[in-house]
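Please look through the sequence and the structure shown below, and keep both in view while reading. The report that follows goes through a few local features, one group at a time.

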Amino acid sequence: MFSKNDISKEFNFPKDKIFVTSLAAENIYRPLNKETCKNIIKSKYKINDDFILYVGGFSPRKNILGLIEAFSLIPYSKRKNTKLVITGKKGISYDKYKKRTSDLKIMNDVIFTGFISLDHMPIFYNASKLLVYPSFYEGFGLPPLEAMACGTPVIASNVTSLPEVCGTSAILIDPYNIDELSLSIEKILTDKSLYNNMSNRGIKRSLTFSWDNTASQTLCAYENILKNHENSK
């Protein structure tokens with residue numbers, strides 16, 4: 001619904017002529033043995049500690065600076081032996097992000113992996129403690145859905161399309177509120193009951209999205225367009 005409203009507002013186009021279809025996680029995203037995944041990450045990427053995961057681009061709208069700030073605010077006793085892993089091709093903002101980790105004296109606790117191949121992404125999701133996706137803007141946002149399909153708890157922004165994707169199966173935060181984001185990360189890291197509850201709810205939520213549904217919605221959209229065209233003759 002957010003995307004429909006956004007398109008209508010931006011282009012001054014009638015809402016009844018806009019059809020939005022939801023996406024879905026690929027079948028490769030599913031719960032895997034966590035210890036096995038952690039061992040693969042240790043072997044191939046030399047990440048030996050537990051880690052919080054970010055997946056996505058390096059655009060300013062992704063709010064990576066906010067994530068780095070939030071991570072730095074977690075008391076060291078609560079994040080000891082836990083790294084922040086930021087995946088994705090290093091964009092033009094990389095130097096700024098790297099410098100911020102230095103300024104905050106957490107350079108050794110933040111890992112920029114660079115591009116990760118598709119076949120390794122399910123391993124990263126399963127090996128991580130949680131996914132944090134604090135974007136200021138998303139048209140859909142696949143990483144939270146992929147993480148939930150793997151049984152990994154998710155923290156995501158409460159703006160644009162993300163509440164529609166995550167429902168009540170993720171912790172939704174104000175991306176402009178760094179303290180709220182930091183406290184939410186800390187809560188998942190320290191509350192095992194919450195962690196397990198979110199893991200189970202995330203899996204159930206991910207099952208409500210499928211490519212069969214996407215295809216069905218797309219077909220329905222075309223049928224409506226043809227019907228409206230015939231009626232307008």
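## A salt bridge between two helices

Glu 186 has a relative accessible area of 14%, and it counts as buried because the limit for that word is under 20%. The model discussed here is a predicted one, so every value in this report is computed from predicted positions. The side chain of Glu 186 meets that of Lys 78 in a salt bridge, with 2.9 Å from N to O. Lys 78 belongs to helix H4 (residues 76-79) and Glu 186 to helix H9 (residues 178-190), so this pair ties together parts of the chain that are 108 residues apart in sequence. Unlike the buried Glu 186, Lys 78 is partly exposed, at 37% relative accessibility.

## Further salt bridges

The structure holds 11 salt bridges, and another of them joins Glu 138 to Lys 62, whose closest N and O atoms are 2.6 Å apart. This pair, too, links distant parts of the chain, for the two residues are 76 residues apart. Glu 138 sits in the loop between strand E4 (130-133) and helix H7 (142-149), while Lys 62 sits in the loop between strand E1 (50-54) and helix H3 (64-73). Are these two charged residues buried or exposed? Glu 138 is buried, at 5% relative accessibility, and Lys 62 is buried as well, at 7%.

A salt bridge can also be found inside a single helix, as Asp 103 and Arg 100 show: their side chains meet with 3.9 Å from N to O, and both residues lie in helix H5 (residues 94-103), three residues apart, which is about one turn of the helix. Asp 103 is partly exposed at 39% relative accessibility, and Arg 100 is partly exposed with a relative accessible area of 25%. Elsewhere, salt bridges that share partners join Asp 49, Arg 79, Lys 83 and Asp 109 into one network.

## Helix H3 and its covered residues

Helix H3, which follows the loop that holds Lys 62, is mostly covered, since seven of its 10 residues are buried. The buried residues of H3 are Ile 64, Gly 66, Leu 67, Ile 68, Ala 70, Phe 71 and Ser 72. For Ile 68 the relative accessible area is 0%, so this residue falls under the 20% limit and is called buried. The C-alpha atoms of Ile 68 and Lys 129 are separated by 16 Å, and the two residues are 61 residues apart along the chain.

## A nonpolar patch on the surface

Which residues make the nonpolar surface patch of about 310 Å²? The patch is made by Ile 7, Phe 11 and Phe 13. Phe 13 is found in the loop between helix H1 (2-11) and helix H2 (34-45), and its relative accessible area of 40% makes it partly exposed, because this value lies between the limits of 20% and 50%.

## The second largest pocket

The second largest pocket has a volume of about 190 Å³. Its lining includes Ala 25, Glu 26, Asn 27, Tyr 29 and Pro 31, together with Ala 149 and, later in the sequence, residues such as Ile 203, Leu 207, Phe 209 and Trp 211. By kind, the lining residues divide into eight nonpolar, three polar and one charged.

## Backbone angles and a contact across the chain

Two residues have a positive phi although neither is a glycine: Lys 46, at about 60°, and Asn 81, at about 65°. Lys 46 is placed in the loop between H2 and E1, and at 62% relative accessibility it counts as exposed, because its value is over 50%. Asn 81 is placed in the loop between H4 and strand E2 (82-87).

The last residue to consider is Ser 216, which has its place in helix H11 (residues 211-231) and counts as partly exposed at 45% relative accessibility. How far apart are the C-alpha atoms of Ser 216 and Thr 21? They are separated by 9.0 Å, although the two residues are 195 residues apart along the chain.

Key. Residues numbered from 1 in each chain as written. Predicted model: local features only at pLDDT ≥ 70, side-chain atom pairs only at ≥ 80, totals over all residues. Heavy atoms only, no water. Patch = residues over 30% accessible without salt bridge, like charges linked within 9 Å, V, L, I, M, F, W, Y side chains within 5 Å. Areas by Shrake-Rupley, 256 points an atom, 1.4 Å probe, with all protein chains shown as cover. Salt bridge = Lys/Arg side-chain N within 4 Å of Asp/Glu carboxyl O. Helix = DSSP H or I, 4+ residues; strand = E, 2+ residues; numbered from the N terminus. Buried < 20%, exposed > 50% of the residue type's maximum accessible area, 1.4 Å probe, protein only. 1 Å grid on protein atoms, 1.4 Å probe; cavity = no way out; pocket = protein on both sides within 12 Å on 5 of 7 lines; lining within 4 Å. Points joined across faces, edges and corners; volume = space filled by probe spheres on them. Nonpolar A, V, L, I, M, F, W, Y, C, P; charged D, E, K, R; others polar.
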